[in-house]
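Please open the model in your viewer and keep the sequence panel beside it, since this tour moves from one selection to the next.

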Amino acid sequence: RQKRHPLVIFTCFFPPSSASKSLPTMSTDSVEIDDGLYSRQRYVLGDTAMQKMAKSHIFLSGLGGLGLEIAKNLVLAGIKALTIHDTEKCQAWDLGTNFFLCEDDVVSGRNRAEAVLGRIAELNPYVHVSSSSTPIDETTDLSFLEQYQCVILTEMKLRLQKKINSFCRSHCPPIKFISADVHGIWSRLFCDFGDEFEVSDTTGEEPKEIFISNITQANPGIVTCLENHPHKLETGQFLTFREINGMTGLNGSTQQITVVSPFSFSIGDTTKLDPYLHGGTAVQVKMPKTFCFESLEKQIKHPTCLIADFSKPEAPLQTHIAMLALDQFQENYNRKPNIRCHQDSDELFRLALSVRETLQEKPEVHAHVVYGLSWTARGYLPPLAAAVGGVASQEALKAVTGKFSPLCQWLYLEAADIVESLGRPERDEFLPRGDRYDALRACIGNTLCQKLHDLNIFLVGCGAIGCEMLKNFALLGVGTSKEKGMVTVTDPDLIEKSNLNRQFLFRPRHIQKAKSYTAAEATLKINPQLKIDAHMNKVCPATETIYNDEFYTKQDIIITALDNVEARRYVDSRCLANLRPLLDSGTMGTKGHTEIIVPHLTESYSSHRDPPEEEIPFCTLKSFPATIEHTIQWARDKFESSFAHKPSLFNKFWQTYLSAEDVLQKMQNGQSLEGCFQVIKLLSRRPRSWFQCVELARLKFEKYFNHKARQLLHCFPADTRLKDGSEYDPCGPPPGSRPGFVLMHFSFLQNAAKLYAAVYCIPFSEKDLSVNTIMNILSEIKVQEFKPSNKVVQTDENARKPDHVPISSEDERNAIFHLEKAISSNAATKSDLRMAVLSFEKDDDSNGHIDFITAASNLRARMYSIEPADRFKTKRIAGKIIPAIATSTAAVSGLVALEMIKVTGSYPFEAYRNCFLNLAIPIIVFTETSEVRKIEIRNGISFTIWDRWTVHGKEDFTLLDFINAVKEKYGIEPTMVVQGVKMLYVPVMPGHAKRLKLTMHKLVKPSTEKKYVDLTVSFAPDTDGDEDLPGPPVRYFFSHGSE
């Protein structure tokens, strides 16, 4: 790999003292974005889209469950204004679908829009929410819609939808039109954004950057990427070239490419350009794309549908016919089909056959689709509304921002698997009983409703997905039975402002309160019948006394709402050990996934592992960065080292050794004290004033951005080649003293000084941070000239950072000298032997953490001619922020809740579906879960990951007794026994044969409260020389009564 060569060497630059001592500022006319609230969403949409959204007005009709889901997501996202429209009064039925209604709203018969208005508005103070209850019919003047950029219709007759769609299309520019509905277990979504809708960014992905290894002089020229780095481009995309040596005519040009192979692509004619020498990158250029839509009237007859389940490619068209028949049924009878009414079902089927004849394609009408829709159309499945609401609200955001590819033009989502697996219960199972669950009962029947009420659920995590899941639990009545059922939720975190943008159960007044307790309280407002137990514990080995086997076996389902893989794997291991179903999900921006794990039917979460993230080589970070990610990580490491790691070592050292005099005496006696050289260096250089903090920052500037570069150039002149023949890539000219450059210098010095003052507990004022004060201090600081050293620069990409740096005898003498000096000058008092340790906090803009990292990273990037990153991007990378938006969170949680219903009903393997979605493209893909793999041992003996053999012992039970017990009970003799990473018995290991006579108690050494231990066994191979055959886990109980 070519390594960049640091030809840019910085001298700290400021204007002469006679010039004005004010730094240039950047002016902007853009809408101000509250980063504290919207930071995670900004990484999904970008500022341009956020600003467009903050100026947009949206009209939403229909405040049933789906309409409320859409309203919630739009207000959280931060549009300018939302008008909610509804003409219906609240009914008991609505309590099971609309999470912002309460029983008082039903008793008083309030209008649904007016009832939820205040609760929706409370979600985001930046959004103006108003309501309307004026009926819309054939005679309504639609000119009032001209003030909106997007119109969303739910629960509206098709005849009116067509009229409003026609009006929206006639407007210039067209008003974007969306209609969405949930009927029982079926749903549809339609979008029409006009004849020509331009999208600025179709995917939202970061532009790809390709490192070039060769470009041919040909027509067309072939560009080859660096080895083992596939470009992942598509034909027709555009790239801009830069930093190419030799074929410099390409630099700055934009070329359309044609993919030749995963590692090469062709561009235009390069025959007239100079030959390629080395280096260079190509960066993808995002080009706008125009999407063409047809009207609702046209699309009804010839629909363009997104296929979600490729095992049923015909399903969208079948559902389209059935839904149109339902529209006609409502027109004819002014009602929906009655629940499980055969007469109405027959009529709907007749209408479906009639609708079929009006379509351009005339597919066969599937009776089970039409009848399933007829039987459940009066019902409502809240999780399905959550899923469709997430997708619909993302489409609305696309409509007003032009960001991401829109849905073209229909999406049908259904939960038919839920009903198909119910068999054929009596009609009474589905009829209303006058409570909040009637809408749900009409879909899944009373028996399954009761099973949901009886559920014990353990929800791990109470962030965005956790809040959405609690809402789904409340609407479904999970854990509401008087005799049984409980929702246990745990999350150790406190609420932060950035959470409010997605975690809709929280409000500004809840900041710094416990997530779990606050969410539990808010959930009870949705459904007071819910029983919920909130904890603030992490779920990890340290809390196994709380979340022990007894706890897990009491749970019916475990649901994770976590943000890291390791925590998921741990919970998965506990579910596997206790045979509990696990429903996992996660989101990253507009992407989301769900995974369903059911004992004895599917593989576990840990059965498959993503490849580990590629680590940045030590030599790349230290000396040869190539991307902005490298320089940001370098700056992040400098922050940790200077302001966290070293202060922590300093404090730990002086907790061990109580005084400087004691340490000096030990060193003079020749004792080796771990860490003393680093600690004494910190003590001797400890600043005592703000002046010295600025001085220390200035010296660090010189070290990082001048001396280090000069040392590297001293070791490796520009024409140096490595042993493997690879070369260093020279950078361009220094950027000089541009205004941004001066700001970068000042920002580093100001924030470094500020952080040094924080760790050394030195007070400073706003005046101290001013340009005048800092420049006056800088004018008095003398900086040492660079002197090259004989240090070896590491170039091996496989080399790791050394753990210990060897200490010379001269270092020891210097340390003793500096410690003596500190003691004699009274600079080693008790207060001097203490430093403050800074914990990196990315969301506090006043602490200087991100500002320091941004300045340091960009200065280093300029050294190596790497494109700098703004503070916003730096914060995301340095803080490892996961981009997030409420739309994908709502969609994912709805899909998980649908699968939860299936697990509750003990459905067969074929009913379960995993899902991957990316709402930006958009794509939603349902797949079958991974069927559990059966592992054959021999002679018909097999096991799966869910199998666990058991052996019951007693106090004098030996290892040989254990092996014989396994052989007697399961018909095969273990040849190796392992406990975790501890090998209890391996025949080839010296001394292990003697262990056969030892008791299991002595070998395992269990704690007093431990009733069992899980062991791994393996068996002799069929053929000598082969590896041992793996066996299932064996749970050994220390006594017969302990299970």
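Which residue in E23 does Ile559 stand opposite? If you select Ile559, you will find that its partner across the pairing is Leu583 in E23. Bear in mind throughout that this is a predicted model.

**The eight-stranded sheet**

Now widen the selection to strand E22, residues 557–560, and strand E23, residues 582–588, which pair in the parallel sense over two bridges. With those two strands still highlighted, add helix H29, residues 886–904, which packs on the sheet and touches E19, E22, E23, E24, E26 and E27, while its direction makes about 170 degrees with that of E23.

Next, colour the whole open sheet, whose eight strands follow the order E21-E20-E19-E22-E23-E24-E26-E27 with mixed pairing. At its edges lie E21 (532–535) and E27 (923–928), each of which pairs on one side only. As you rotate the view, look for the twist, which averages 15 degrees from one strand to the next. Then select helix H16, residues 515–526, which lies across strand E20 (486–490) and E21 and runs at about 160 degrees to E21.

**Strand E2 and its partners**

Move to strand E2, residues 57–61, where four of the five residues are buried. Strand E3, residues 81–85, pairs with E2 in the parallel sense over five bridges, and there you can see His57 standing opposite Ala81. If you also show helix H3, residues 65–77, you have a right-handed β-α-β unit made by E2, H3 and E3. Strand E5, residues 150–154, also runs parallel to E2 and is joined to E2 by four bridges, with Ile58 opposite Cys150.

**Two residues to inspect**

Select Gln161, which lies in helix H6, residues 158–170. Is Gln161 buried or exposed? Its relative accessibility is 1%, so Gln161 counts as buried. Beyond its neighbours within four places in sequence, Gln161 is in contact with several residues, among them Leu153, Phe177, Asp181 and Leu296. Zoom in on the side chain of Gln161 to find a polar atom 2.7 Å from the backbone oxygen of Met156.

Finally, go to Asp94, which sits in the loop between E3 and helix H4 (103–107). With a relative accessibility of 6%, Asp94 also counts as buried, and, not counting residues up to four places away in sequence, Asp94 touches Lys89, Leu101 and Arg112.

Note on methods. Residues numbered from 1 in each chain as written. Predicted model: local features only at pLDDT ≥ 70, side-chain atom pairs only at ≥ 80, totals over all residues. Heavy atoms only, no water. Buried < 20%, exposed > 50% of the residue type's maximum accessible area, 1.4 Å probe, protein only. Pairing = 2+ DSSP bridges. Right-handed = clockwise from strand over helix to strand, strands pointing away. Contact = heavy atoms within 4.5 Å. Polar contact = N/O pair within 3.5 Å; in protein donor to acceptor, adjacent residues only side chain to side chain. Axes fitted to C-alpha atoms, helices over the stretch in contact; angles between N-to-C directions.
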